[in-house]
Amino acid sequence: MIIKKVTIENFLCYYGIKEFQFSKGLNIILGENGEGKTKFFDAIEWLLNTSNTSNESALISQKALSEASAGESFQVSVKLTCEHEDETVYITRQFRVSKLNVEKSETTKAILDGIKESRTGERDIVDGKQWLDIVFPPEIRRYSMFKGESSLNILKQDASLLNLINLFSDARSYDKYASKIEFLREEAEKEVSENTRINTKKKSEFENLEKQITLAQLKKSQLEEQLDRLEQNTNTTIDLVKEAEKFVVNANALESINKRIDILVDRKQKNDAKIDENYTTSLLDDFWILMHFESIHNEFSKKIQAAEIAKRQIQQEFDISKGETKGRRILQAKLINNSSPLPIGVPNKATMEEMLNDEICKVCNREAKVGTEAYQYMENNLKQFLISLEPEKNVEEDEVLFKNNYLRSLVNMSTNHDTSILRFRSIISEIKEKFEFNKSRDEDSNRFKDQIDNEKLERTKILGNSSLGEERLLDVIKNYNQWQTDIINANRSKVTLDYQYKEASESLESKIEQRDKIGEQSANSYLIKKRDLLKDIEKIFKETKERKFDEFLKKLEDKSNEILAKINVDAFLGKIIFIKKRSASNHTGINVELVQSDGTPFISPNQSLETSMHIAVLFAISDLAAGKKLEEYPLIFDAPTSSFGESKTSTFLNLLHNNTNQKILLLKDFIIKNDDNKLSIKKEFDSVKRNKAFWVRLERPFDNGKLSTINTLVSEI
Amino acid sequence: MQNLFETFRTKIPNFNADYKVDVFEKLSLYGGGSDEKRDSRGKYFETGYELYIYAFFLGLYRNEFVSLPEKAKKENFRVPIKDWGNKSGKLLRKDFSQIQEYIFSALMAKTEIDLIALEKGEIEEEIVIKNLIHQFESFTNGGLIFLKNKYEEHPAYFMRAAYLLDLIQESNKLD
């Protein structure tokens, strides 16, 4: 679409009918402040913004009203003549004014008319609103008209840039399919679930999992909302900080103070991290609680030692007494001349009994009457033999004094603990050292805090030298430090929320996996294959869309930098980067940043650089859209380069001229006031390449205090 | 090898149920801690038995031996001594399970036990263990009473990071 002509009739300072015949490429409208540039812009805005129907009477040219006689009526209108697909379309927004008397007038409601003219000259009346939307779609209009430098920053909101990219990148073509496939996949999942519920033996497990999945999904989406909210709040705060910094005169000093504060905060945090005041934990983990344990250990050790000694003594006495009995027996059994006795059981039991019975020792063939020594000897031998036949164990049991041996492990424990005595003794000094260490870190921390406070004070002073009004400035200063703290806190919360979100996602995935596993064992295999196929297709669509989006973003970045280099020729440049942000909740956002050659962002780029960046991005989008052979749309700027200076504006205009898209620029540059107070166009403007140029200026003489004397004249240069 | 310590470790000592609210829930995360309490890790104990150990040593060092009243309602943590201080997945904490041995040796030192009779088999192991646990519960009870009184006097003192450490430091009444 090309705007061929704008006709303004009795609208604000435009008295009578004023026409601007535009061409493709660069159209420049020059004008001093207050002479009609912005009113031209307002006229077009009024035509396009049909929803604004209030207060038409405020739009009437006061000169037209004052010059009309009572009972006379006239028209107020703005007409757009544009070329659209080989047809000419006329869109007019107009209303009539009837002057009743000097003080009173009536206006009709504004209406929008449309006429379509074919190449052959046939004219049709069409619906003005409908055709306005056809020739200049509302979603494009938002990004076509820019009033002042600040409005160029349409990229400030993530959504704006995202909308533009979506509008022009191939990724858009996938949208219509994506939602259909998502719907089909969800349906296929439902079918599998239904089928599983009917067929599975694990019905209750399956249903339980489905309930858990619903809950997990709910939790995940709640976390998503929290994350989005947090991100929005953080972005708003970051914007507020940036906005506040713009008003600061000495931006470099502010930047270096902020850097110093960052370093100090970092040092303080690292120092704070070293302070370990978990004394209660150390009581147990480091055994500090044993600080008075030495005497108790000694008590334990003595007790165990004493018991052990006592036990040994008792055992010894017992052994001795046991040994005496044994010794006596041995003594009794001794033979003459200490010769060794016969083995026990020789002669055998029967022989011994026979010899005792006969009272004769048949070994030495002598009499051995009852009561004699020889008889007793034989009797003892028999007894010994009979004892020897009894089990050995019984003999031992009778002789054991200590049934238990608990003492051995107690002695071991006491011995082991002996080695800990040094440890017990060192605890007090360890605690002392810890306190001293923490005290010294505390002092360091306080020193860092003082330094940070001083830097903040310095920063407040710099903020105080700003160009901002006093009242607003106090507000900014008051909030600036709080905003910085808010950002740090928000980033901390984000780490926690990101972690929770990751956990929730993993838990959800694992539950879906478990449910699907049951489904795969139970549901109809055709349904499962169908679902899986749709899942795959959905994945392919998403990935392709993402890739197309990334490709477009890369092109946009390259193109923007190309344009930025041309605008800022021979000047400090920087590089525009597009950062695709994907929040944990999977919402995509785009950040556009201007970075220095080493990749670090400008904390506070000057207005001219910032404007260059915005224009570069806008033109890059416009260029890429044109390159895709999409319909072209005009870009209309009111004073977009007020921070540029004349020489840079010339370079900028020459650059615009190289681009064939239609642009209408309203500028206050190149106008000079002569000695006799007359305005004229500077010679330098001759060297500015353009397709068309106009000069709007007030008809002289006029009375500053009377609007009825105001009339803007339009002349083509 | 016969080992009194091994038997002792299998036991779960009791405490006077009155102190569940008065002491345990105030100074430890036992009974479900609020987030606020969790944040002040280091000032408070993470588990009930950690506070139990603390109270025992406090009672021991201060020589505060108070048997549990016979009619008192008793409560425990359902965690046997052998599991006390095991690291078992706790980040930021160390294993201090060896504390079990020191508790046991302290109880052995402070309890009247005829070790010779035990060795001879004249008294049962179970009787000795019962005595040890009674001793354990009594010193802990003494410590808990002391803590409760301190808390009632000056609850704000407990907000100080080093307060519980200070109490132990100044409690050497053994000599």
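I started with the two faces of strand S15 in chain A, working from a predicted model. Both of those faces turn out to be covered. On one side I find A:Lys663, A:Leu665 and A:Leu667, and on the other A:Ile664 and A:Leu666, every one of them buried. I noted that a lysine is listed there along with the leucines and the isoleucine.

Next I checked the strand as a whole. S15(A) spans residues 663-667 and is mostly covered, with five of its five residues counted as buried. For the chain as a background figure, I wrote down that buried residues come to 26% of the 717 in chain A.

Then I looked for the neighbours. Which strands run parallel to S15(A)? One is S3, residues 26-30 of chain A, joined to S15(A) by five bridges. I picked out one pair here: A:Leu26 sits opposite A:Lys663. Another is S14, residues 635-638 of chain A, also parallel to S15(A) and linked by four bridges. From that pairing I noted A:Asp638, whose bridge partner in S15(A) is A:Leu666.

I also followed the chain from S14(A) into S15(A). Helix H19, residues 646-658, belongs with these two strands in a β-α-β unit, and its hand is right.

Last, I pulled the totals for chain A. I get 19 helices and 19 strands. Of the contacts between residues at least 6 apart in sequence, 71% join residues at least 24 apart. The S3(A) pairing with S15(A) is what I would point to on screen, with A:Leu26 across from A:Lys663.

Conventions:
Residues numbered from 1 in each chain as written. Chains lettered and ligands numbered in written order. Predicted model: local features only at pLDDT ≥ 70, side-chain atom pairs only at ≥ 80, totals over all residues. Buried ≥ 20, exposed ≤ 12 C-beta atoms within 10 Å, placed from the backbone. Contact = placed C-beta atoms within 7 Å. Pairing = 2+ DSSP bridges. Right-handed = clockwise from strand over helix to strand, strands pointing away.
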